[in-house]
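Biologist: I'd like to learn how to read a model like this one, feature by feature. Could you walk me through it?

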Amino acid sequence: LTSLSGCQLERFRHEKYSCQNSNLDIAEIVIRNAKKGKEVKIFGYDGERTGIIENISSQLAIIRTEDGTLKLNRKTGALSIQRRNRYTRISCKLSVFTL
């Protein structure tokens, strides 16, 4: 039993990034399954859309959407957005729920 107490047994992880940027129509980004090819929910002020995880590590998630690419720092919440030839960088507040 002592050897198991040092292990992190994580069955469920829910990452939420609160960005609150009305210009980019991004209020929150939610990652429920942090694996390549899985969907990410992006909640905006005009509705909800999805993105696909193209690449993910413990530090960075690269998400492809209809209108661009999101690079999300999973440690700090920093978000870089590329839409065509425009780049924008914003800061999001990270909250993680695990079971």
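Modeller: Gladly! Let's begin with a term: helices and strands here are DSSP runs, numbered from the N terminus, and a strand is an E run of at least two residues. With that in hand, Gln 20 can be placed in strand β1. Please keep in mind that this is a predicted model.

Biologist: How many helices and strands does the protein chain have, and in what order do the elements run?

Modeller: The protein chain holds one helix and nine strands. Read from the N terminus, the order is α-β-β-β-β-β-β-β-β-β.

Biologist: You mentioned Gln 20. What is the sign of its phi?

Modeller: The general idea first: most residues other than glycine have a negative phi. Gln 20 is not a glycine, yet its phi is positive, about 50 degrees. Gln 20 counts as exposed because its relative accessibility is 51%, and exposed means over 50%.

Biologist: Where is Asp 25 found, and is it buried or exposed?

Modeller: Asp 25 sits in the loop between β1 and β2. It also has a positive phi, about 55 degrees, without being a glycine. With a relative accessibility of 17%, Asp 25 counts as buried, since buried means under 20%.

Biologist: Now the hairpin of β7 and β8. Which residue there takes a positive phi?

Modeller: That is Arg 84, with a phi near 55 degrees, in a hairpin that has two residues between the strands. The pairing of β7 with strand β8 (residues 86-91) is antiparallel and runs over six bridges. To follow one bridge by eye, start at Gln 82 and look for its partner in β8, Tyr 87.

Biologist: Let's turn to the interior. Which residues of the largest nonpolar core touch the most other members?

Modeller: A nonpolar core joins buried residues of the nonpolar kinds through side-chain atoms within 4.5 Å. The largest one here has 18 residues, and Cys 19, Ile 26, Ile 29, Leu 70 and Leu 79 touch the most other members. At least two residues of this core come from each of β1 (13-21), β2 (26-31), β3 (39-44), β4 (47-56), β5 (60-65), β6 (68-73) and β7 (78-83). The biggest contribution is that of β2, which gives three residues.

Biologist: What is Ile 29 in contact with, leaving aside its neighbours within four places in sequence?

Modeller: Its contacts are Glu 15, Lys 16, Tyr 17, Cys 19, Val 40, Lys 41, Ile 42, Leu 70, Leu 72 and Leu 79. For the chain as a whole, take the contacts with a separation of 6 or more: 27% of them join residues 24 or more positions apart.

Biologist: Glu 15 appears in that list. Which residues are linked with Glu 15 in a network of salt bridges?

Modeller: Arg 13 and Arg 74 are linked with Glu 15 in that network. Between Arg 13 and Glu 15 the closest N and O atoms are 3.0 Å apart, and between Arg 74 and Glu 15 they are 2.3 Å apart. Because Arg 74 is in the loop between β6 and β7 while Glu 15 is in strand β1, this pair ties together parts that are 59 residues apart in sequence. As for exposure, Glu 15 is buried at 1% relative accessible area, Arg 74 is buried at 14%, and Arg 13 is partly exposed at 31%.

Biologist: How many salt bridges does a search of the whole structure find?

Modeller: Seven. One that is good to look at is the bridge between the side chains of Glu 54 and Arg 64, at 3.1 Å from N to O. Glu 54 lies in strand β4 and Arg 64 in strand β5, so the bridge ties together parts 10 residues apart in sequence. Glu 54 is partly exposed at 34% relative accessible area, and Arg 64 is partly exposed at 40%.

Biologist: Last, the outside. Which residues form a nonpolar patch on the surface?

Modeller: Phe 12, Phe 97 and Leu 99 do, with about 310 Å² of accessible area together. Leu 99 lies in the segment after β9 (93-98) and counts as exposed at 55% relative accessibility. The protein chain exposes about 6800 Å², with 47% of it supplied by carbon and sulfur atoms. Of its 99 residues, 34% are buried.

Note on methods. Residues numbered from 1 in each chain as written. Predicted model: local features only at pLDDT ≥ 70, side-chain atom pairs only at ≥ 80, totals over all residues. Heavy atoms only, no water. Patch = residues over 30% accessible without salt bridge, like charges linked within 9 Å, V, L, I, M, F, W, Y side chains within 5 Å. Areas by Shrake-Rupley, 256 points an atom, 1.4 Å probe, with all protein chains shown as cover. Salt bridge = Lys/Arg side-chain N within 4 Å of Asp/Glu carboxyl O. Helix = DSSP H or I, 4+ residues; strand = E, 2+ residues; numbered from the N terminus. Buried < 20%, exposed > 50% of the residue type's maximum accessible area, 1.4 Å probe, protein only. Contact = heavy atoms within 4.5 Å. Pairing = 2+ DSSP bridges.
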